[in-house]
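Biologist: I'd like to learn how to read a predicted protein model. Could you take me through it step by step?

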Amino acid sequence: MLRLNRCTLALFTSLLATAAQADTHYQLDLAGHDRHQVAVNARFVVDNTEPLLLQMSAASPGRYARHDFAKNIYALKALDGQGNPLLLQRMSPTSWQVSGHQGEVQVSYLLFGNHADGTYNQIDSRHVHLNMPASLLFAPSLRAQPATVSLKTLPTGWRAATQLYPQAEGALSAPDVDYLMDSPLEISDHQLLSFSQASAGKTYQIELALHHAGSAEEAKVLLEKTQAVVRQQQAIFGELPDFANQRYTFIADYLPGVDGDGMEHRNSTIVTSESSLAQDEFAQVETISHEFFHAWNVERLRPKNLQPFDYTQTNMSDALWFAEGFTNYYGKLALKRSSHFDLDTYLDKVQKPLNQTLQTPARRWSGPAAVSQQAVFVDAGVAVDKTNYANHFLSYYTYGEVVALALDLTLRTQYDTDLDALMRLMWQRFGKPETPYQLADIQQALAEVSGDAEFAAAFFRDSIQGPGLPDFTALFTQMGLTLSAANPDKAWLGALQLATFGDAVQVQSVSRDGSPWASAGITDGDLLLQLGSVRLRTPDDIDTALKTARPGDVLAVKFRRFDREQSVNITVAADPALALRVDKNASRASVKRRDAWLGAKKL
Ligand SMILES: [Zn+2]
């Protein structure tokens, strides 16, 4: 009853606003969807006759590289309110100016898209899947004004899944351009499932708009897993975010020919996978968990350097280790607490980023804050030249996840508190009131939660600005776990990307500093011919050669570089991989601590 009244009031207010302000209106005509094309008609109304600047975004919130979405729009025309042509000039690769209007500008263009993920568009006979920054021209001068979207020529049975506000006659609205840009649109014949979740005296509808070829039973299982993870995340923060219209929508595309991805938004998320639920055994719930955690962390608990978002260029932040890395940590932890992962699976999930972080040579140069700032190059960034990332870049997802683990275990073993308490404090102080935070604010919250300002200052100096990490072996012992060499006797030369090339094996990547390959001077482009007594014809032959070798052995490696054949000696090392296992001799106190960490939380 209360909810109905609120909706009616909101609709009434919005209709009044429409009459007074003449919202920007977009009409999307789907007639050409079979050929990856949507026709867009946009109407802009301004209170002056000055030239109107129109912008196509060069960035998409949540993805930090530059994306020139303007490359996929064409046949651009501008008319005035009476249908007379207006002068349209391109001012930059991503902006246009319309002159000679009397306050009303109608623009039409064609939009092409055939790449479904959280950043791009896919328009085909199965769906129209749109990310708004990749789709809509907007007027920067009207950024604070409401906008409406209507759909034309919808195939039978298709409907929209979106966080845009529903209006009369199927129209959709956004209170401003930022909300419009944050609202992806999936138009298809998808299934819609939902459950209700109570929080802070309100009832929220959590929807799953599922576009897939799987069974109704699989959809039900996914909904149950989603519900369990939503409850575990709510338990961390003590409440759900106050979703607009008391509704949050998971928009899932599990279809051949889409790109695996997840992209967070305020009241919805896009989750995509080319595998079916059956093929992936519901591994898709990992993305669901990660993206839902973003509803708190990054959508509302937001770094100051991403606010307001700049649509004209890349947006750099030193906080992605927290925004993405901590979200990665909690995405998996919530799946353990909700019983999607058993203990062994969870330890496996922790072990992988831990090995990557402890063994990368990149930490010589950068701590978590500095790798966050490189997101603009790597987060779907495109380069034609080769890079040396293996030696100087570690993903802020991986690194941040390991920092979260380090902090959680330190707080649990040394301060009688935990990372959940830090997240709750950050939520209450910055997320809920939507006050953007800076790194110093996290440090201050850590000082309060731990009661040790010196520890917080040292942690930020050494492990956030610097590359230090605590002694994980000691931390895990106190959680009833052991961290030790996985294969101490296994011969190892280091990670290299290799490919068969003619009758030999070609090195595809730069060798990692500190590895036997690098110490022997082997690097990208080299054609490996022989290792010890084994003639190399495929990458597997290297494993064959190492099978009989022991750490400390010296092998001759014969290789060709720029047509010159050479030979060097390579000293075999021991595999540095670490394994995280349950300690069968753990003390009762350690097991109790581990259960408090990984066990289900009560709402
Ligand atoms: Zn994320």
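**Domains**

Biologist: How far apart do the C-alpha centres of domain 1 and domain 3 lie?

Modeller: Those two centres are 39 Å apart. Four residues of domain 1 and 6 residues of domain 3 make up the contact, where two residues count as in contact if their C-beta atoms, placed from the backbone, lie within 7 Å. On the domain 1 side, there are 2 nonpolar, 1 polar and 1 charged residues. For these classes, Ala, Val, Leu, Ile, Met, Phe, Trp, Tyr, Cys and Pro are nonpolar, Asp, Glu, Lys and Arg are charged, and the others, Gly among them, are polar.

Biologist: Which domains is the protein divided into?

Modeller: Domain 1 covers 2–188, domain 2 covers 191–295, domain 3 has two pieces, 320–486 and 583–598, and domain 4 covers 491–574. Such bounds come from an automatic or database domain assignment. Before we go on, a word on the ground rules. The model is predicted, with local features needing pLDDT of at least 70 and side-chain atom pairs counting only at pLDDT 80 or more, while totals for chains, interfaces and linings use all residues. Residues are numbered from 1 along each chain as its sequence is written.

**A sheet and its helices**

Biologist: What is the strand order in the open sheet of 5 strands?

Modeller: First, the idea: helices (H or I, at least four residues) and strands (E, at least two) are DSSP runs numbered from the N terminus, and two strands pair if DSSP finds at least two bridges between them. Here the order is S15-S16-S17-S19-S18, with mixed pairing. Strands S15 (191–199) and S18 (261–264) are at the edges with a single partner strand each, so each has one side without a neighbour in the sheet. On average, neighbouring strands are turned by 15 degrees against each other, direction ignored. For angles in general, axes are lines fitted to C-alpha atoms, for helices over the stretch in contact, and angles run from 0 to 180 degrees between N-to-C directions.

Biologist: How many bridges join S17 to S19?

Modeller: There are 6 bridges between S17 (residues 247–254) and S19 (residues 268–273), and the two strands run parallel. Look for isoleucine 251, whose bridge partner in S19 is isoleucine 270. Helix H3 (residues 216–237) packs on this sheet and touches S15, S16 (202–212) and S17, with its direction at about 25 degrees to that of S15. Helix H4 (residues 285–293) packs on the sheet too, touching S17, S18 and S19, and its direction makes about 155 degrees with that of S19.

**Helix against helix**

Biologist: How do I describe two packed helices?

Modeller: You give the angle between their axes and the distance between the axes. For H3 and H4, that is about 35 degrees and 10 Å. Contacts between them bring together residues including Leu222 and Val229 of H3 with Ile288 and Phe292 of H4. By class, this contact has 7 nonpolar, 3 polar and 1 charged residues.

Biologist: At what angle do H6 and H10 pack?

Modeller: H6 (residues 343–359) and H10 (residues 396–414) pack at about 110 degrees, and their axes are 9 Å apart. That makes H6 roughly perpendicular to H10, given these cut-offs: under 35 degrees is roughly parallel, over 145 roughly antiparallel, 65 to 115 roughly perpendicular, and the rest oblique. Val350 and Leu354 are among the H6 residues that meet H10, where Tyr399 and Leu405 are among the partners. The residues of this contact split into 6 nonpolar, 3 polar and 1 charged.

Biologist: And how do the axes of H5 and H10 cross?

Modeller: They come within 7 Å and cross at roughly 70 degrees, which makes H5 roughly perpendicular to H10. Among the residues that meet are Trp321 and Phe326 in H5 and Tyr397 and Ala404 in H10. This contact has 11 nonpolar, 3 polar and 2 charged residues.

**Backbone details**

Biologist: Which peptide bond is cis, with omega near -5 degrees?

Modeller: The one from glutamine 307 to proline 308. Proline 308 sits in the loop between H4 and H5 (320–337). Valine 298 lies in the loop between H4 and H5, and its phi is near 115 degrees, a positive value in a residue other than glycine.

Biologist: What about glycine 532: where is it?

Modeller: In the hairpin of S24 and S25, which has 2 residues between the strands, glycine 532 takes a positive phi near 60 degrees. S24 (residues 527–531) is joined to S25 (residues 534–535) by 2 bridges, and these strands run antiparallel.
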